[in-house]
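Subject: Structure handover

Hello,

Here is the structure I said I would pass on. Please open it and keep it beside this message while you read.

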Amino acid sequence: MMGGGLRTGTETFGERGEGLDQKMRAVGIRRYGPPEVLESLEVERPEPGPDGVLIRVAAAGVNPADCLLRSGGLRFVVRQQMPFVPGADVAGIVEATGPGVTRFKVGDPVYAMLPNTAGGGYAGYAVAAEGTVAPIPLSLTFGEAAGVPLAALTALQSLRDKANLAAGGHVLVNGASGGVGTFAIQIAKVVGARVTAAASGRNEDLVRSLGADEFLDYTAADVTAGKARYDVVLDAANVLPFWKVRRVLGPKGVFVSVNPFIGRLSPGWLARFRGGRRIESVLVKPDGGDLEKVGSWIGAGEVRPVIERSYPLAEAAEAHRRSESRRARGKLVLVIDEKLTAERAESPLRKANRPMG
Ligand SMILES: NC(=O)c1ccc[n+]([C@@H]2O[C@H](COP(=O)([O-])OP(=O)(O)OC[C@H]3O[C@@H](n4cnc5c(N)ncnc54)[C@H](OP(=O)(O)O)[C@@H]3O)[C@@H](O)[C@H]2O)c1
């Protein structure tokens, strides 16, 4: 290989991108709008920079943020260049690496969260910075892996960095049956916390199977009306106001909201009304180290992704409609490369590494 050139799965090139097929299939938008604006596109294949990993995407996760970016709900915060390809979660194999990449090589099965509003996941190839990439746990299919990064990182960064949740702490996870909530229950149990999960009644069995110690049906009673006092309330559904949460927070309790703007709306001078309780909002960050941590728990059988359904890429609009219903149980994923996905699903090595249960 010539000094500093791109390493690819098929050939070695002296100059970046030289000889690569420059076009790829994707699903994206040419204008903001309802799910129907998602269309099949042929776009430029991205190239990895010096620390970039080019991933041949087998499957991509669907997140509520993808729908917000598609609808234009965030256009006053960030304006997308059209055509725009949504998607923050990708799982696949390394197709090429930039010259500075040391931890991954062509052919490695990897997953990553792409930068928050950048998109790019609903495509045949995506580039992620090496520091945001992690090896896929041996037991997972690509579809399952694609459901992990953004939701699991949000749960981990909320409970660890915002709430400092520790063994023996008691956490209320509201929105426990969704993407973030299903990971939050399991991560809190790994830490040794007691978990009360709030969801609608039909999801009680699911959240208990993930380790929830107690269950609250928010459709039957106000989750902030009970006698329990929590060290942490994680509102993964983004529906609880602090004035209600305050009633069930212990004296040093922390309210973590997935609304990234809540913290800013709660200036320091309001602290005296909170009586020592904290309000934190989380804005998830791509982080390969955190993803490896989650991967180690998955490998040990302590955490598992809950996948409601996989859709072919051509049915991305249907997946967005389901996400926008706010009824998804766990994650929705898009299968982008059917061959790769099927091969890994059938791999004896993967099956042999499947933890029991
Ligand atoms: N700030 C950040 O960095 C960040 C990162 C990730 C996600 N988010 C935000 O976090 C929220 C959740 O994300 P997600 O991926 O977990 O979404 P999701 O998977 O679509 O969440 C669906 C779940 O929400 C539950 N739910 C809906 N309304 C509820 C309510 N009123 N009370 C309690 N639960 C309710 C549903 O449970 P039932 O069907 O049982 O009602 C369903 O299981 C979204 O608003 C998302 O935009 C923010």
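Below are notes on the whole chain, then the ligand, the core, some strands and a few odd spots in the backbone.

Please keep in mind that this is a predicted model. The protein has eleven helices and 16 strands. Of its 357 residues, 48% are buried. If you take the contacts between residues at least 6 apart in sequence, 69% of them join residues at least 24 apart.

The ligand

A shell of 32 residues surrounds the ligand, and those that come nearest are Ser177, Gly178, Gly179, Ser200 and Val258. Helix 1 (64-71), helix 3 (149-162), helix 4 (179-191) and strand 10 (194-199) are the elements that each give two or more residues to this shell. By type, the shell holds 17 nonpolar, twelve polar and three charged residues. Where does the ligand lie with respect to domain 1 and domain 2? It lies between them, because domain 1 (7-147 + 306-352) and domain 2 (151-281) both give residues to the shell.

The core

The largest nonpolar core has 102 residues, and the ones with the most contacts inside it are Ile55, Tyr111, Val173, Ala184 and Leu334. Strand 4 gives the most to this core, namely eight residues. Domain 1 and domain 2 each supply at least three residues to the core. Val173 is a useful residue to click on: leaving aside neighbours within four places in sequence, its contacts include Gly181, Ala184, Ile185 and Ala188, as well as Val195 and Leu234.

Strands

Strand 4 (residues 52-62) runs antiparallel to strand 7, and five bridges join the two. One of the paired positions is Gly52, whose bridge partner in strand 7 is Ala129. Strand 7 (residues 125-129) is mostly covered, with four of its five residues buried.

Strand 12 (residues 230-235) is largely enclosed by the rest of the structure, because six of its six residues are buried. Strand 9 (residues 170-174) runs parallel to strand 12 and is joined to it by four bridges. Strand 13 (residues 249-257) also pairs with strand 12 in the parallel sense, over five bridges. Val233 can be followed through both pairings: Val233 is the bridge partner of Leu172, and the partner of Val233 in strand 13 is Phe255.

Is Leu216, in strand 11 (residues 214-217), buried or exposed? Leu216 is buried, because 25 other C-beta atoms lie within 10 Å and the cut-off is 20 or more. Leaving aside neighbours within four places in sequence, Leu216 is in contact with Thr196, Ala198 and Val223. The C-alpha atoms of Leu216 and Gly201 are separated by 7.9 Å, and these two residues are 15 apart along the chain.

Backbone points to check

The peptide bond from Met82 to Pro83 is cis, with omega near -5 degrees. Pro83 sits in the loop between helix 1 and strand 5 (89-97).

Asn238 is not a glycine, yet has a positive phi of about 55 degrees. Asn238 is in the loop between strand 12 and helix 6 (242-245), and counts as partly exposed, with 16 C-beta neighbours inside 10 Å.

Arg326, also not a glycine, has a positive phi of about 60 degrees. Arg326 is in the loop between helix 9 (316-324) and strand 16 (331-335). With 12 C-beta neighbours inside 10 Å, Arg326 counts as exposed.

Regards

Terms used. Residues numbered from 1 in each chain as written. Predicted model: local features only at pLDDT ≥ 70, side-chain atom pairs only at ≥ 80, totals over all residues. Near = placed C-beta within 6 Å. Nonpolar A, V, L, I, M, F, W, Y, C, P; charged D, E, K, R; others polar. Domains from an automatic or database assignment. Pairing = 2+ DSSP bridges. Core = buried A, V, L, I, M, F, W, Y, C linked by C-beta atoms within 7 Å. Contact = placed C-beta atoms within 7 Å.
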